[in-house]
Every structure is written in structure tokens, then in C-alpha cells.
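Reader: I would like a close look at one sheet of this protein, how its strands pair and what packs on them. After that, please place the sheet among the other parts of the chain.

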Amino acid sequence: MHRIPYGKQNITEEDIQTVVDVLRSDYLTQGPKIAEFEAAFAKYIGCKYAVAVSHGTAALHMAALSAGIQPGDKVITTPVTFVATANCIRFCDGEVIFSDIDPQTYILDIDKVRKLLKNSPAGTYKAIILVDFAGYPMDMEAFRDLADEFGLKIIEDAAHAPGGWFNDRSGIKQNCGNGRFADLAIFSFHPIKHIATGEGGMITTNDEKLYQCLRNLRTHGIQQIPEKEQFNHNVWYYEMQELGYNYRLTDIQAALGISQLNRAKKGLEKRKEIISVYKEAFSGAKFIIRQPGNIPGHAYHLYVVEVENRDGLIKHLRNKSIMAQVHYIPVHLMPYYQNLGWKKGDFPVAENYYKHCLSLPVYPTLTEKEQAYVIKNVKEFYE
Ligand SMILES: *Cc1c(COP(=O)(O)O)cnc(C)c1O
């Protein structure tokens, strides 16, 4: 069998054509495709504002800055995520405070976060960064209540969850990253994610002030001020008000993003089909410690199972060209964070999860034949 990755982009002829069209147009960057992509994305997610940026990590950095994270501020986050989630706190010279996960959902354990907040003097923590891990649509309303009680800002890392949703207490469907409960949310368009632009990211919010702040940060902190242009200066006038970055997405990428977004719903449906086949195939299997539950709003970026003898299975699968992967090595165990004082044993639930977790291939173009081959090889290993 050919190599089967754990995730993969899906590029159609239509995608290619839209990119070629931009290459033939007047603008490769700072053109009309950015606003078009932002509007389409905001509509898909159901939020007021969306700001397209160069990658998900830039989105996290800008979200952290606009949330007001300052040097020395303590920010709570999960150890079970991609390193960028925690790193954005360090970009602002904030202090990363990890807390353990819930063993069922792999989301930050809200009871443990509450305990952490209650046992610290008021105002100790500035913000919390939550992750819709693997596409699991977390109960953001519960976290909002907690954050309000302790005066925290919430950043939702929804890189895994475009199209995911949960029902709030009033029974209203709330899309992941829609800004109803979190102050800011971020998405990534790395090819392994649901929507691919090569590199790319998006920040969503319902807060107009945060939106303006994000727009400034994206382009060097430079503002065009029409009043000043008219009355004090000239048409060429601009002002740099604050320290910003060049975190822009190009029009080439935005065009690809628009085209990909048109198929996002379909891709999500396909992911759900693939996952139900896995679940059926592995239900009741002795080697499975945990499979994801039946959650209608799950975005299924990853199909993570916890298994016995994970290390043996992953070696076996790789020998069969199945590129199963581990998501993630707990971030607090990275040498960089160990140098900051975190150590093995700090988060037993996350560390036990790490011992057993495995991500099996799931992406819209995975064929029935390929999936059957994956299932056969998993089962064979335990026979
Ligand atoms: C992919 C990812 C990011 C970073 O996105 P990039 O676009 O690669 O910078 C951040 N957080 C999570 C949870 C991710 O999976």
C-alpha cells in the first residue's frame, strides 16, 4: 500500500483555478480577496468580525496581545495541545500556567481550573486559553461563567474545530469560535487542518475594539486616518500608533481559502462518515481504552483513540506505511518549558493520556479501501 498520512489537504481543479486567477490579477497581497475571505469565514462561523493572518501562530500572538497580556501576566492553558497555544503567552513575556485535562474530553478540567483560581489571590490570572481539542466542541458557556467570576479574558484556540458546535444552556446552537462566549478565537489553515491555504490563520471576535486592535497589529500598527489626511496632512499620510507586525495573509492564499471554505461543510460530513466506520470497527475491542463519544457537534479534526501498547502499534502501522501520529507530547514536558520549572508528574491525566493516545488517518479523501487497510492492520497487531 502507498503511504497513508494521518491528515491531508484536498486541492481541487477549482481551487487551482482561483489561485491562478489571482496570479493574473493586479494584487498578490492587500487586494480584495482578503476581505472576501474574512466575510465568508465570519459567515461560516457566525461571528461579527474575522481577521485573516499569515498563520495560526500569528493569530495566537495577536489574540494574546489584543487580550492585553503583558510581561509577567499569568495565563492558564492546557498541556495537551500544539506548542503554539502556550508559546503565544511567552511571545508577550507572560507566564504560562498549565493545568490538567479532563480524561473524557481532553479539554482543560474546569473543576481543576476553578480550584486553581479559588486558591490564588484575586487578580492573579489575566486570561485562559482553551483548545477545542481534536475538534471536541467544549462547553464555552461554562468557562465564560468561570472567567467572569475571576475577571479573565478567554482566547479559544479553535484550530481543530471550524464547523464544530455545542448547544448552550438555552438550547441555542453555538459554533466553535463564534465569539459568543470567548473574547477571541483563532483558526489555522495549515494543510493538516480542515481548510488549507498553505500557511494561514484567522482570528474571530464580536468585539469591535478588539477587531480594530487586531487590524492595526496585523499591519505594523499603521493606521490610515482619513480626518488627518483631509485636514492636517496629505493623501499619502499614515501614522504608526503602536508596535505592530507584518502578519498579513496574501491574496493568493485567501483565494485558496475561499474556494476551500466552499467545501468545508462537505469535508466535515466526510470526516464524520470516516469516524463512524472506525467506531463501528473498534467498538468492544479489548485493545481500545477510549474512543471519542458520540458528539453531534464534534469537528473531528483528529480521530484520537487511547490504546494498549500504543508504542508497539504505532511502529507496526508505520511499517505498513500508515503514518499514525501522537497528538501531542504534553507541552509542559518540552525542554523549553521544563527549563521554566515544569516537570514530569505535574499533570498525571495528561501524561497518562500521552502514554496511550494515537491519531489514525482521517481526511476527506481517505478512501474506503485505505481505511479498511488501516483497520485491518490495527486489528492484526493485537491478534
Ligand atoms: C495548528 C495549530 C496551531 C498553529 O497553527 P499554524 O497555522 O500552524 O501556525 C495552533 N494551535 C493548534 C491547536 C493547532 O493545531
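Author: Begin with one pair of strands: strand 12 and strand 13, the latter made of residues 303-307, run antiparallel and are joined by two bridges. R290 has E306 of strand 13 as its bridge partner. Keep in mind that this is a predicted model.

The pair belongs to an open sheet of three strands, ordered 12-13-14, with antiparallel pairing. Strand 12 (288-290) and strand 14 (357-360) are the edges; each has a single partner strand, so one side of each has no neighbour in the sheet. On average, neighbouring strands here are turned by 50° against each other, direction ignored.

Two helices can be described together with these strands. Helix 11, residues 310-319, lies across strand 13 and strand 14 and runs at about 25° to strand 14. Helix 13, residues 348-356, lies across strand 12, strand 13 and strand 14, and its angle to strand 13 is about 95°.

If you follow the chain on from helix 11, there is a detail of the backbone to look at. The loop between helix 11 and helix 12 (335-338) holds Y328. The peptide bond that leads from H327 to Y328 is cis, with omega near 0°. Most peptide bonds are trans.

Now for the other sheet. Seven strands form an open sheet in the order 1-9-8-5-4-2-3, and their pairing is mixed. Its edges are strand 1 (49-53) and strand 3 (95-98), each of which has a single partner strand, so one side of each is left without a neighbour in the sheet. Neighbouring strands of this sheet are turned by 25° against each other on average, again with direction ignored.

At one edge, strand 1 runs antiparallel to strand 9 (residues 201-205), and five bridges join the two. Within strand 9, G201 stands opposite V53. Helix 4, residues 83-91, packs on this sheet and touches strand 2 (74-77), strand 3, strand 4 (125-131) and strand 5 (153-157). The direction of helix 4 makes about 145° with that of strand 3. Helix 6 (residues 140-150) also packs on the sheet, touching strand 4 and strand 5, and its direction makes about 155° with that of strand 5.

Between strand 4 and helix 6 there is a loop, and A134 is found in it. A134 is not a glycine, but its phi is positive, near 65°. Most residues other than glycine have a negative phi.

The last part to place is the ligand. It is surrounded by 14 residues, the closest being G56, T57, D157, S188 and K193. Helix 3 (residues 56-66) supplies three residues of this shell, the largest share. Sorted by class, the shell has eight polar, four nonpolar and two charged residues.

Three side chains can be picked out by their distances to oxygen atoms of the ligand. For S188, an N or O atom of the side chain is 2.7 Å from a ligand oxygen. For H160, a polar side-chain atom lies 2.8 Å from a ligand oxygen. For K193, the distance from a side-chain N or O atom to a ligand oxygen is 3.0 Å. The ligand on its own has 380 Å² of accessible area, of which the protein covers 93%.

Notes: Residues are numbered from 1 along each chain as its sequence is written. This is a predicted model: local features need pLDDT of at least 70, side-chain atom pairs count only at pLDDT 80 or more; totals for chains, interfaces and linings use all residues. Side-chain values use heavy atoms; hydrogens and water are left out. A residue is near a molecule or strand if one of its heavy atoms lies within 4 Å of it. A polar contact is a pair of N or O atoms within 3.5 Å; within protein, one must be able to donate a hydrogen and the other to accept it, and residues adjacent in sequence count only if both atoms are side-chain atoms. Accessible areas come from the Shrake-Rupley method with a 1.4 Å probe; for residues, only the protein chains shown count as cover. Helices (H or I, at least four residues) and strands (E, at least two) are DSSP runs, numbered from the N terminus. Ala, Val, Leu, Ile, Met, Phe, Trp, Tyr, Cys and Pro count as nonpolar, Asp, Glu, Lys and Arg as charged, and the others, Gly among them, as polar. Two strands pair if DSSP finds at least two bridges between them. Axes are lines fitted to C-alpha atoms, for helices over the stretch in contact, and angles run from 0 to 180 degrees between N-to-C directions. Contact means heavy atoms within 4.5 Å.
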